[in-house]
Amino acid sequence: MFDIIIRQASLPDGHEPVDIAIKGDRIAEIATDIKGEVREEIDAAGHLVSPPFVDTHFHMDATLSLGLPRMNVSGTLLEGIALWGELKPLLTPEAVIERAMRYCDLAVSQGLLAIRSHVDVSSTPLVGVEALLEVRKLVAPYIDLQLVAFPQDGLFRSRDAERNLIRALDMGVDVVGGIPHFERTMSEGARSVTRLAEIAADRGLMLDLHCDESDDPMSRHVETLAFETTRLGLGGRVTASHVTAMHSYDNYYASKLIPLIAESGMNVVPNPLINITLQGRSDTYPRRRGLTRVPELRAAGVNVSFGQDCTMDPWYSLGSADMLEVAHMGVHAVPMTSREAIEWAFSSVTQNGAKTMGLPDPTIREGGPANMVVLQARDPIEAVRMKATRLAVIKNGKVLARTEPRMAALSLPGRPTTLDPADYAPRPKTQEAQKQE
């Protein structure tokens, strides 16, 4: 007896559609035509079934706070930080929990089942920490929520930040965070990287720094982070987030830096939606795109995963918990429009993200966890192109969310009466056509 069989599922590997049988919280069998009794069948009808989406960089303590206490008029990173400083004294645990839980509802509907969220620890009381620890407990059955102790105002720049960071870790926050480029001087920033790396090493924790989120070509803290990662043997436990200053480095320096990043084994997390809107604000023309050097990092073997960063908060007035929107924007902004690169962009918000967070391999396989999303698309490239509708979201063998397929009813003389956007996928050439070529 199976609990669920998903019929005619296309997997990201591109092979012919298969059936996926789920028993309990595991995938029991993957085959072309599975027989046996089953409690529920889901007809994927050739649509893509993928691992759940992963967001490796978010700020859940601020999410859905747009307009409180005012709007970010300039749209800049610095005004966003200043606005967050105005909002923090007004926060209550209840309000943070309410907004975060609403966001988690939205995330589940989008198949987003793993999130790494930074939480501000610059000032006391630790309202955000207390609230998100409660949220982490509440959503544990369906979202892997990983929290980062983030001294938003700088580890050394903010008087109580280091003490608060240690306290947050003692309370159960998972990851050490930081923001070296926001310290008062470059030397203080470098010193903060060393201190934070040592805290992570001493406690056996992961480290994720907002690193060089700047247009300044002299903001080079990621070099120090790579050095400390190698010195302390932290490897894949370390993540450099944003690293937008790399788009302003001269090519010679970048050619030296990227191999150091690769050697260290650290991860890199660009945030396409936010990086292209917050960076380059002081440019006239030509304007910088704001994203780090994704193709070069990939070519060097660095694990790169895209993050969302913000949804309707002091820094960004848009956002929808849709990691396909993030991948879609990354494809345009880098740009990287080859078929291989678009397929990679899909991996960046699934498998690559899981690797960044230190989660188990989410690849859909026999014996693996029954966590998956049925998408109204034929393959990963089409999923990115259309930001495909999530037809079903499954976690631990349970269906958490369903959405009706996106269909259009047409009234056009001599044309079809209905339209499915997934039908526009390029059709594979027949064997006869391939022979003729």
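Hi everyone. By a cavity I mean a set of grid points where a 1.4 Å probe fits but cannot get out. With that in mind, today's structure, which is a predicted model, holds 2 cavities of 30 Å³ or more. I'll take those in turn and then move on to the pockets.

Let's start with the largest cavity. Its volume is about 90 Å³. So who lines the largest cavity? Reading along the chain, we meet His59, Leu77, Ile81, Gln152, Ile179 and His210, and then Glu213, His242, Leu278, Asp309, Cys310 and Trp315. Sorted by class, that lining has 6 nonpolar, 4 polar and 2 charged residues.

Now for the second largest cavity, with about 40 Å³ of space. Please keep His59, Gln152 and Trp315 in view, since they line the largest cavity and also appear in the lining of the second largest. The rest of that second lining is made of Asp61, Ala62, Trp84, His118, Val119, Asp120 and Phe150. Which element gives the largest share here? That would be strand β7, residues 112–120, with 3 residues. By class, the second largest cavity is lined by 5 nonpolar, 3 polar and 2 charged residues.

On to the pockets. How much space lies in the largest pocket? About 630 Å³. There are 20 residues lining the largest pocket, and those closest to its centre are Ser10, Arg378, Asp379, Pro426 and Pro428. Two helices, α11 (339–348) and α13 (380–386), are the elements that give two or more residues to this lining. As for chemistry, the lining of the largest pocket divides into 9 nonpolar, 4 polar and 7 charged residues.

Finally, the second largest pocket, at about 380 Å³. Of its 21 lining residues, Leu77, Leu78, Glu213, Ser214 and Asp215 are the closest to the centre. You may recognise two of those names: Leu77 and Glu213 also line the largest cavity. Which helix gives the most to the lining of this pocket? It is α1, residues 77–87, with 3 residues. The class count for the second largest pocket is 8 nonpolar, 8 polar and 5 charged.

If you'd like something to look up on screen, try His59, Gln152 and Trp315 for the two cavities, and Leu77 and Glu213 for the largest cavity and the second largest pocket. Thanks for listening, and I'm happy to take questions.

Definitions and conventions: Residues are numbered from 1 along each chain as its sequence is written. This is a predicted model: local features need pLDDT of at least 70, side-chain atom pairs count only at pLDDT 80 or more; totals for chains, interfaces and linings use all residues. Side-chain values use heavy atoms; hydrogens and water are left out. On a 1 Å grid over the protein atoms alone, a cavity is a set of points where a 1.4 Å probe fits but cannot get out, and a pocket is an open set with protein on both sides within 12 Å along at least five of seven lines; lining residues have an atom within 4 Å of a point. Grid points are joined across faces, edges and corners, and a volume is the space filled by probe spheres set on the points. Ala, Val, Leu, Ile, Met, Phe, Trp, Tyr, Cys and Pro count as nonpolar, Asp, Glu, Lys and Arg as charged, and the others, Gly among them, as polar. Helices (H or I, at least four residues) and strands (E, at least two) are DSSP runs, numbered from the N terminus.
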